[in-house]
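Student: I would like to learn how to read pockets, cavities, sheets and ring pairs in a model. Can we work through one together?
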Amino acid sequence: MRSLWLVCCLAGVSPAAEHWVRFTRGPYEVYSAAGPKEGRETLVKFEEFRHALGQVLGDDDLQAPLRVRIFLFRSTAPQTPEPVSRGRDQYNIVLNAERPIPPAVFTQLTQLFLDANSARMPERLERGLVELLSTLEVTGIRITVGRPPAQPDLDWARIHLLVTDPEYYGKLRVLTYNLRKGVDEDSAFRNAFGKTPEQIEMQAQLHLSAGHFQTASLSPLPMSAQDFPERSADPAAVQLAIADLMLGDSSRTAYRELIAQKAHVAEAWEGLGMLALRDQQKDEARKDFAAAIEAGAKSPSSYLEYARLETDNAKALAALERAAQMNPKLAEPQFMIAQREQEKAKRIQHLKQATKLEPRNAGYWQALAEAQLEAHNYSQAEQSWRSAEQAAVTPADRARFERARMEVEQQRLDWEDAEKRRVADDEAREIEKLKAQARVDLRAIEARANQGQAATNDKVVPWWDGPQPSGATTGVLKAVDCLGKRFRLVVDTDDHKTVKLLVNDLAQIAVIGGGQLTLSCGTQRQRHLKVEYFPKANAKLGTTGEVATIEFQ
């Protein structure tokens, strides 16, 4: 079959001699064409490497956001652009069974695990850690570190000292744990070694100058090559796996043949979409990803890339939600959802998840801090800016994030001041509105009183048929207190007493009397009147009754 021929040609062996077996553990997946024994031994080496890095970081189960697929070819292996390269929905490592694992593989794999599992630490320490693990050796399950690289430098010598010197052995993980949690360097070094960073630096310089670099053995993870059962690898699965190396036209041909064979159709469409994206063919890529989704794609990559290319916000959000569900370890879907989310609270929620999943991404922390500032969560924004500082790669970015953090307190004070002014303005407008309404209502009383000039001086009979008011007082109206839609009349009676009466509803007050009525809230001009009222004390307002009629005299 042509597909089998393609697989074998990519592997550099004849079709009759080709046989693939597969092993899995943790984030790793090993495809071996060199035999089961070699495949198992390769998986043990990578698992012990992951365990060694975990010992240094204080994390016993380092994970990767995507599978790490390792190809072990018997002899000639295809060339990939990087020792650890991104494939369709996995990372790829291509090895030759006749050669040792290249140091560059461990270098890039160390960086991958750091990016996925750790907040950023000081650059000189991370660089030294990467260099130290690049020469790691695994024999059986024995882990040996400390073999010097071609050109040892101070960064390497510093970590080499802390890993191999008995005085510091086992304490490096205390340092890295503190630094990953954002503890300042001076405190982190004192917590781990009881010494300052400057003291360790002097020892590292002497260690490098001496040039006596011993190796050390790290505690291995107990395991046996026989712990890994052999899994089947049918030709179509192998064809897909090798096509996922993204080898250009060879991979494109393999994907199209899989679609024609109706084998791994969704994955093949997704692979074609990835190749189209790499060639800047965005329209073609969007169609390919849509076809992958239609075929029942099980990889989040199709949904993620489709959403990136989709202009319809609702469709894009639905695809991103699906991607996030399919692989909860991925930070990018959470960040992309936040970019499209309109509700502030939901946007912050997704940004928090993105920073949790990818704590070394300074851009994610910046977006979270800005969203929290917009929501006036100033204390949280300050913490996010601090995390952005820790995640920053360059000194310029670190300084920029520090300035942003220092400005938060002033932003909080400015907002609180503006908020106080806004509240005061709103209250003033509401009071003025009530006063204006009260003036309108009082002018209505004036109008009704003025209309009474043409009437007789006989007592006006209220329009209601209910009980007649039993209380009455005469005197001078001293003041009118506006109480929203109610009013309180303050009367200085003829016998020199002060009576306060409540007007509940102007529409039910009968007004008679002559002359021009001019009333407003506040102190009133001297005017004699008679008020009839229903005795009904209101202790809260200090009134003795509710007004029934007003007769101006």
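Tutor: Yes. Keep in mind that this is a predicted model. Start with the largest pocket, which holds about 860 Å³ of space.

Student: Which residues lie closest to the centre of the largest pocket?

Tutor: D115, A116, L357, E358 and P359 do, out of 33 residues in the lining.

Student: Which helices each supply at least two residues of that lining?

Tutor: Go through the elements in chain order. Helix 3 (103–117), helix 6, helix 13 (300–309), helix 15 (332–340) and helix 16 (344–357) each supply at least two. The largest share is that of helix 3, with four residues.

Student: How do the residues of the lining of the largest pocket divide by class?

Tutor: There are 15 nonpolar, six polar and twelve charged residues.

Student: What is the volume of the second largest pocket?

Tutor: About 700 Å³. Its lining has 30 residues, and nearest the centre lie R120, M121, E389, Q390 and A391.

Student: Which elements give two or more residues to the lining of the second largest pocket?

Tutor: Helix 4, helix 6, helix 18 (378–391) and helix 19 (395–451). Helix 18 gives the most, with six residues. By class, the lining of this pocket has twelve nonpolar, six polar and twelve charged residues.

Student: Now the enclosed spaces. How many cavities of 30 Å³ or more does the structure hold?

Tutor: Two. Take the second largest cavity, with about 40 Å³ of space.

Student: Which residues line the second largest cavity?

Tutor: V56, M121, L125, L129, I159, L172, L175 and T176. Sort them by class next: seven are nonpolar, one is polar and none is charged. M121 was also named for the second largest pocket, among the residues nearest its centre.

Student: Which element gives the most to the lining of the second largest cavity?

Tutor: Helix 6, with three residues. Helix 4 (123–134) and helix 6 (172–180) each supply at least two.

Student: On to the sheet. In what order do its three strands lie?

Tutor: Read the order across the sheet, then look for the ends. The order is 6-7-8, the sheet is open, and the pairing is antiparallel. Strand 6 (137–139) and strand 8 (216–218) are the edge strands, each pairing on one side only. Between neighbouring strands the average turn is 35 degrees, direction ignored.

Student: What packs on the sheet?

Tutor: Helix 2 (residues 36–57) does, touching strand 6, strand 7 and strand 8. The direction of helix 2 makes about 55 degrees with that of strand 7.

Student: How many bridges join strand 7 to strand 8?

Tutor: Three, with strand 7 covering residues 142–145 and the two strands running antiparallel. For one facing position, find V145: it stands opposite A216 in strand 8.

Student: Last topic, the rings. How many aromatic pairs are there?

Tutor: The count comes to 15. To classify a pair, check the distance between centres, then the angle between planes.

Student: Why is the pair of Y168 and F193 edge-to-face?

Tutor: The ring centres are 5.3 Å apart and the planes stand at 80 degrees, so Y168 and F193 form an edge-to-face pair. The cut-off for that class is over 60 degrees.

Student: Where in the chain do Y168 and F193 sit?

Tutor: Y168 is in the loop between helix 5 (154–164) and helix 6, and F193 is in helix 7 (residues 185–193). They are 25 residues apart, so the pair links distant parts of the chain.

Conventions. Residues are numbered from 1 along each chain as its sequence is written. This is a predicted model: local features need pLDDT of at least 70, side-chain atom pairs count only at pLDDT 80 or more; totals for chains, interfaces and linings use all residues. Side-chain values use heavy atoms; hydrogens and water are left out. Two strands pair if DSSP finds at least two bridges between them. Axes are lines fitted to C-alpha atoms, for helices over the stretch in contact, and angles run from 0 to 180 degrees between N-to-C directions. Contact means heavy atoms within 4.5 Å. On a 1 Å grid over the protein atoms alone, a cavity is a set of points where a 1.4 Å probe fits but cannot get out, and a pocket is an open set with protein on both sides within 12 Å along at least five of seven lines; lining residues have an atom within 4 Å of a point. Grid points are joined across faces, edges and corners, and a volume is the space filled by probe spheres set on the points. Ala, Val, Leu, Ile, Met, Phe, Trp, Tyr, Cys and Pro count as nonpolar, Asp, Glu, Lys and Arg as charged, and the others, Gly among them, as polar. Rings of Phe, Tyr and Trp (its six-membered ring) pair if their centres lie within 6.5 Å; planes under 30 degrees apart count as stacked, over 60 as edge-to-face and the rest as tilted.
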